[in-house]
Amino acid sequence: MAIRFFNTLSRCEEEFKPLDPSGRKVLLYCCGPTVYHFAHIGNFRTFVFEDLLRRHLEARGFEVTHVMNVTDVEDKIIRTVRETGEPLKELTRRYTAAFLEDLQILGCQIPTQMPRATDCVPDIIAFIQRLEAKGIAYRAADGSVYFSIEKFPAYGRLSRLDRNQLKPGARVSQDEHARESYGDFALWKAYTEKDGGVAWDSPWGRGRPGWHIECSCMSMKHLGETLDLHCGGEDLVFPHHEDEIAQSEAATGKPFVRCWLHSAHLLVNGQKMSKSLGNFFTVRDLLARGYSGREIRYALFSAHYRLPLNFTEDELKAVRQTLNRLDAWVDRLRKAAGDAPVPKAGQGTLADGFLNALDADLNISGALGQLFETVRVTHRSMDEGKMGKDEAANWLAQWLLVERTLGLPAVGEAKIPAEVEALARERLEARKNKNWKRSDELRDAIKAAGWVVQDAPGGCKLIRG
Ligand code: AMP
Ligand code: ZN
């Protein structure tokens with residue numbers, strides 16, 4: 001069955017085929033965090049959706065190059081630097097580290113590349129010069145450089161924007177600098193006193209890059225001129241993604257993105273969770289209230305990514321029950337499988353039904369429905385004493401595939417099964433005796449059970465594979 005995604009550009013579900021002639025490599029770009037604060041779980045709804053997308057593509061055999069930028073220079077960051085006195089570099093490094101930690105707590109894979117805006121200023125300047133040479137960017141009196149949307153007739157295609165909306169008085173941009181016409185957006189922002197020490201030299205004088213150009217520049221640098229998939233929350237469709245398209249396509253003359261995926265918002269009492277409204281929870285807030293990363297992750301991905309999701313603690317409590325049910329099922333299957341070897345690749349009705357559901361624009365409800373139907377049917381079969389060891393081992397193998405695709409459990413929180421611990425102990429013994437062949441065999445056996453062994457001083461560590 002083909003994979004299909006809802007493309008925001010066409011507003012239709014389309015069959016997904018990567019640009020790569022071999023059909024294996026996928027180029028995925030995701031707009032990353034603005035690092036002046038802990039990201040909230042609304043932000044993480046989007047990042048968890050992107051992680052699920054990547055994991056599903058990988059489960060289907062694609063090799064995904066996943067690039068996510070880190071916005072470490074921007075109006076809100078500069079305001080925070082001004083208010084706290086903490087240097088920009090220290091502030092943004094601290095919150096980038098916290099972001100990576102939270103990503104891992106939520107079981108998200110770390111993107112292949114995470115370029116920081118401040119490390120790419122020369123690339124951004126070169127990109128703007130390219131637009132300037134084509135007569136699409138112009139320098140305003142104050143030294144800022146703007147993109148002229150008049151020169152890009154396709155402007156507004158993604159957001160289905162009525163160009164008449166772009167008239168004086170319409171709120172189309174947060175830029176406060178002087179531009180020639182409404183809707184033109186800043187590529188380079190001239191230095192003002194409010195920027196304190198945050199500025200770079202450029203052909204247009206001192207200043208700093210705009211936010212939109214960062215993503216055009218970094219995606220092109222790391223993935224090339226045309227991307228397979230570009231994701232973000234739905235609030236980014238306009239103006240951010242519209243502006244990315246304009247900058248990239250104006251520079252290259254090629255399509256920028258083949259398929260755009262946008263996730264709906266996480267809400268609190270019907271309102272978007274956001275820093276400015278103050279109605280947010282961070283991952284840390286919820287860990288402090290006793291919830292685990294695994295529970296938060298499950299709550300965030302369990303509604304379809306294009307449907308708004310209202311966050312409540314009751315929902316997290318219900319997730320705990322659900323996960324307990326799953327854990328009990330897996331324990332029971334393990335006991336039923338006994339010493340039967342768990343096959344490496346899980347195949348069967350669960351794996352097929354689960355992945356087929358996700359093929360349909362990441363239909364998570366269908367995929368989880370398949371899982372819980374399997375739980376019901378296999379419990380009945382075990383109740384009736386009809387489940388053989390090999391059959392139980394086969395269900396376990398399928399579960400491992402499902403678990404890996406869902407990204408459950410979150411890193412470091414999984415209960416290590418006794419048999420995996422025993423294999424790890426045996427492997428340490430083999431290494432002590434310099435029996436490398438046996439040690440490698442045991443490493444493979446641990447891997448087949450869904451774990452990776454990492455050697456550490458005086459022993460080893462087991463993490464989910
Ligand atoms: P930011 O750090 O504000 O640039 O946002 C990072 C990502 O989180 C972007 O893709 C936003 O679209 C997304 N985002 C922000 N608020 C929410 C929310 N309440 N629900 C889902 N995604 C969000
Ligand atoms: Zn972006």
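Visitor: How many salt bridges does a search of the whole structure find?
Guide: The search turns up 37 salt bridges. Keep in mind that this is a predicted model.

Visitor: OK, what does D51 pair up with?
Guide: D51 makes a salt bridge with R55, and their closest N and O atoms are 2.8 Å apart. Both residues sit in helix α1, 4 residues apart, which is about one turn of the helix.

Visitor: Are those two buried or exposed?
Guide: D51 is buried, with a relative accessible area of 1%. R55 is buried too, at 15%, and the cut-off for buried is under 20%.

Visitor: And R376 with E373, where are they?
Guide: They're in helix α11 (residues 364–383), 3 residues apart, so about one helical turn separates them. Their side chains meet in a salt bridge of 2.8 Å, N to O. R376 counts as partly exposed at 46% relative accessibility, and E373 also counts as partly exposed, at 38%.

Visitor: What about D123, which residue does it bridge to?
Guide: That's K221, with the closest N and O atoms 2.9 Å apart. D123 lies in helix α4 (residues 121–133) and K221 in helix α5 (residues 211–223), so the pair ties together parts that are 98 residues apart in sequence.

Visitor: Which residues are linked in a network?
Guide: D75, K189, D195 and R208 are linked by salt bridges into a network.

Visitor: Switching topic: what coordinates the zinc ion?
Guide: The zinc ion (ligand 2) is coordinated by C31 (SG), C215 (SG), H240 (NE2) and E244 (OE), at 2.0 to 2.5 Å. C31 is in the loop between β3 (25–30) and α1 (41–59), while E244 is in helix α6 (residues 237–252), so this pair ties together parts 213 residues apart in sequence.

Visitor: Why is the arrangement around the zinc ion irregular?
Guide: The 4 donor atoms subtend angles of 75 to 133°. To count as tetrahedral, all the angles would have to lie between 85 and 135 degrees, so the 75° end of the range falls outside.

Visitor: Is C31 buried or exposed? And E244?
Guide: C31 is buried, with a relative accessible area of 6%. E244 counts as buried as well, at 0%.

Visitor: Last one: in what order do the strands of the open sheet come?
Guide: The order is β5-β6-β7-β8, 4 strands with antiparallel pairing. The edge strands are β5 (137–139) and β8 (207–209), each pairing on one side only. Neighbouring strands are turned by 20° against each other on average, direction ignored.

Visitor: How many bridges pair β5 with β6?
Guide: There are 3 bridges between β5 and β6 (residues 145–147). R139 stands opposite V145 in β6.

Definitions and conventions: Residues are numbered from 1 along each chain as its sequence is written. Chains are lettered from A and ligands numbered from 1 in the order in which they are written. This is a predicted model: local features need pLDDT of at least 70, side-chain atom pairs count only at pLDDT 80 or more; totals for chains, interfaces and linings use all residues. Side-chain values use heavy atoms; hydrogens and water are left out. Two strands pair if DSSP finds at least two bridges between them. Helices (H or I, at least four residues) and strands (E, at least two) are DSSP runs, numbered from the N terminus. Axes are lines fitted to C-alpha atoms, for helices over the stretch in contact, and angles run from 0 to 180 degrees between N-to-C directions. Donors are N, O and S atoms within 2.8 Å of the metal (3.2 Å for Na, K and Ca); water is not among the atoms, so sites may look incomplete. Four donors count as tetrahedral if all angles lie between 85 and 135 degrees; four count as square planar and six as octahedral if opposite donors are over 155 degrees apart and all others between 65 and 115; anything else is irregular. Buried means under 20% relative accessible area, exposed over 50%, partly exposed in between (1.4 Å probe, protein chains only). A salt bridge is a side-chain nitrogen of Lys or Arg within 4 Å of a carboxyl oxygen of Asp or Glu.
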